[in-house]
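Let's take a walk through this structure together, one region at a time. Keep the viewer open, and turn the model as we go.

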Amino acid sequence: MAAETPSCKVILAGNIAKGLLEEVKAGLAALNGRQPHLLGVLANVDAAAKVYADWTQRTCEENGFKYTLARVDKDDVEDTIINANNDDEVDGILVYYPIHSNRQDQYLQECVSLSKDVEGLTHKYIFNMYQNIRFLDENATRKSVLPCTPLAVIKILEYLHIYNPILPYGNRLFGHTICVVNRSEVVGRPLAALLANDGACVYSVDVTGVQKFTRGEGLRKRKHEVEEMPNWSIKEAAPLCDVVITGVPGDKYKFDTALLREGAVCINFSSEKNFPPEVKQKASIYVPAIGKVTIAVLLRNLLRITQNRQLQETAGTQNEHDALPNAKVEKILDP
Ligand SMILES: NC(=O)C1=CN([C@@H]2O[C@H](COP(=O)(O)OP(=O)(O)OC[C@H]3O[C@@H](n4cnc5c(N)ncnc54)[C@H](O)[C@@H]3O)[C@@H](O)[C@H]2O)C=CC1
Ligand SMILES: Nc1nc(=O)c2c([nH]1)NC[C@@H]1CN(c3ccc(C(=O)N[C@@H](CCC(=O)O)C(=O)O)cc3)C=[N+]21
């Protein structure tokens, strides 16, 4: 007798990206002729970053965006950013990390103008994300920018109907328990916070232990809070979850599918395959990689910041510089 075909549905990122790129195309058409220009700044010798840059360039050009790659020495990154901040021809700046692999990289992130920060890596955007503040202005006209990979995961969960549109915006993950395996500052921790802000109960797993992110019983809180789960490991957390998201670097790690709840949804954002092939025997839906969605979200962010800048210019302000303290920027942004 032939082996039973697993009922798992494998969803490829390209299909999800297609819908997002359609949306982006429509938004681009409404920009009255401006072709948004993304400047990539590449100073490292990381092969993954170069591949990512090439992919980004191709996706930009296929979708009506302009992309320029600046290959510079790592000691010239700061000046390159400052020049781009002041260059009206540049709409978005994407600096490939790591460069120095220490706090100097954080300093460089802060050098990018708020209005050109396509990845949402400057403090104001990170603050808004963790604080669950969704707009830059009180009139709620200019949306805050979210980091691309965490937002790509959210867009995938929307596509998969894990987000329930019957519920009010901001509570649409209520009832879901989600495991995120990775708590890095760039992907895992922001992702756990965003999912909890939208109403999920999130178990964030890293080598240092497990933390639970929630908005409290009955979503009482305005933003997520974090609880340490002493003595917990992935063994306690994963079986409780209807969605498991992995992002462990390196090819050694494999998620133990014995821990997987029957019919769970599995999503991997690591460049390596974190789930073994047996995942298809247990999962209801499996998304093996998400890179194409990440790049579609990057273009969506670029469109968003270009729109935000146009809105600001019609409001009569120009050329705000975010090297200014936040309070001052706020005044300029929200006259
Ligand atoms: N597809 C995409 O859009 C993107 C993919 N990536 C990929 O995602 C992966 C992670 O990226 P980053 O978060 O930037 O890396 P990172 O190296 O900064 O963080 C990895 C985290 O995983 C944790 N970790 C390692 N082994 C673990 C284990 N067995 N269990 C639980 N946690 C463990 C580490 O302690 C660390 O906190 C990489 O493979 C990277 O290439 C990163 C950015 C975008
Ligand atoms: N400021 C900054 N932001 C980044 O997002 C950033 C960075 N610096 N430095 C370099 C890393 C690397 N990175 C990847 C993104 C997508 C894939 C990707 O598309 N992976 C494919 C698999 C690769 C393949 O198909 O060969 C996928 O997930 O579908 C990989 C790696 C972003 N990075």
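A good place to begin is strand β2, residues 37-42, which is joined to β3 by six bridges, the two strands running parallel. Please keep in mind throughout that this is a predicted model. To find the register between β2 and β3, look for Leu39, whose bridge partner in β3 is Thr68. On the β4 side, β2 is linked by four bridges, and this pairing is parallel as well. Here Val41 is the residue to pick out, as it stands opposite Val95 in β4.

Put together, these pairings give an open sheet of three strands in the order β3-β2-β4, with parallel pairing. Which strands stand at the edges? They are β3 (66-71) and β4 (92-95); each has a single partner strand, so one side of each is left without a neighbour in the sheet. On average, neighbouring strands in this sheet are turned by 20 degrees against each other, direction ignored. Packed on the sheet is helix α3, residues 77-85, which touches β2, β3 and β4. The direction of α3 makes about 165 degrees with that of β4.

Now look at the side chains of β4. In a regular strand, side chains alternate between the two faces of the sheet. In β4, Gly92 and Leu94 point one way while Ile93 and Val95 point the other way, and all of them are buried.

Following the chain out of β4, we come to His100, placed in the loop between β4 and α4 (103-111). Is His100 buried or exposed? Its relative accessible area is 16%, and since the cut-off for buried is under 20%, His100 counts as buried. Leaving aside neighbours within four places in sequence, His100 is in contact with Lys74, Asp75, Asp105 and Leu108. Of these contacts, Asp75 lies 25 residues away from His100 along the chain, with 9.5 Å separating their C-alpha atoms.

Further along sits helix α5 (123-131). The buried residues of α5 are Lys124, Tyr125, Asn128, Met129 and Tyr130. After the helix comes Asn132, with a positive phi near 60 degrees.

Helix α5 also leads us to a pocket. Rolling a probe the size of a water molecule over the atoms shows where empty space is left. The second largest pocket has a volume of about 560 Å³. It is lined by 27 residues, of which the closest to its centre are Arg134, Leu146, Leu151, Glu158 and Tyr169. The elements giving two or more residues to this lining are α5, α6 (148-159), α7 (188-197) and α10 (291-314). Of these, α6 gives the most, with four residues. In character, the lining divides into eleven nonpolar, eight polar and eight charged residues.

Our last stop is strand β5, residues 177-181. Five of its five residues are buried, so β5 is largely enclosed by the rest of the structure. Thr177, Cys179 and Val181 point one way from β5, and Ile178 and Val180 point the other way. Five bridges join β5 to strand β6, residues 201-206, and the two run parallel. To see the register of this pair, find Ile178, which stands opposite Val202 in β6.

Note on methods. Residues numbered from 1 in each chain as written. Chains lettered and ligands numbered in written order. Predicted model: local features only at pLDDT ≥ 70, side-chain atom pairs only at ≥ 80, totals over all residues. Heavy atoms only, no water. Pairing = 2+ DSSP bridges. Axes fitted to C-alpha atoms, helices over the stretch in contact; angles between N-to-C directions. Contact = heavy atoms within 4.5 Å. Buried < 20%, exposed > 50% of the residue type's maximum accessible area, 1.4 Å probe, protein only. 1 Å grid on protein atoms, 1.4 Å probe; cavity = no way out; pocket = protein on both sides within 12 Å on 5 of 7 lines; lining within 4 Å. Points joined across faces, edges and corners; volume = space filled by probe spheres on them. Nonpolar A, V, L, I, M, F, W, Y, C, P; charged D, E, K, R; others polar.
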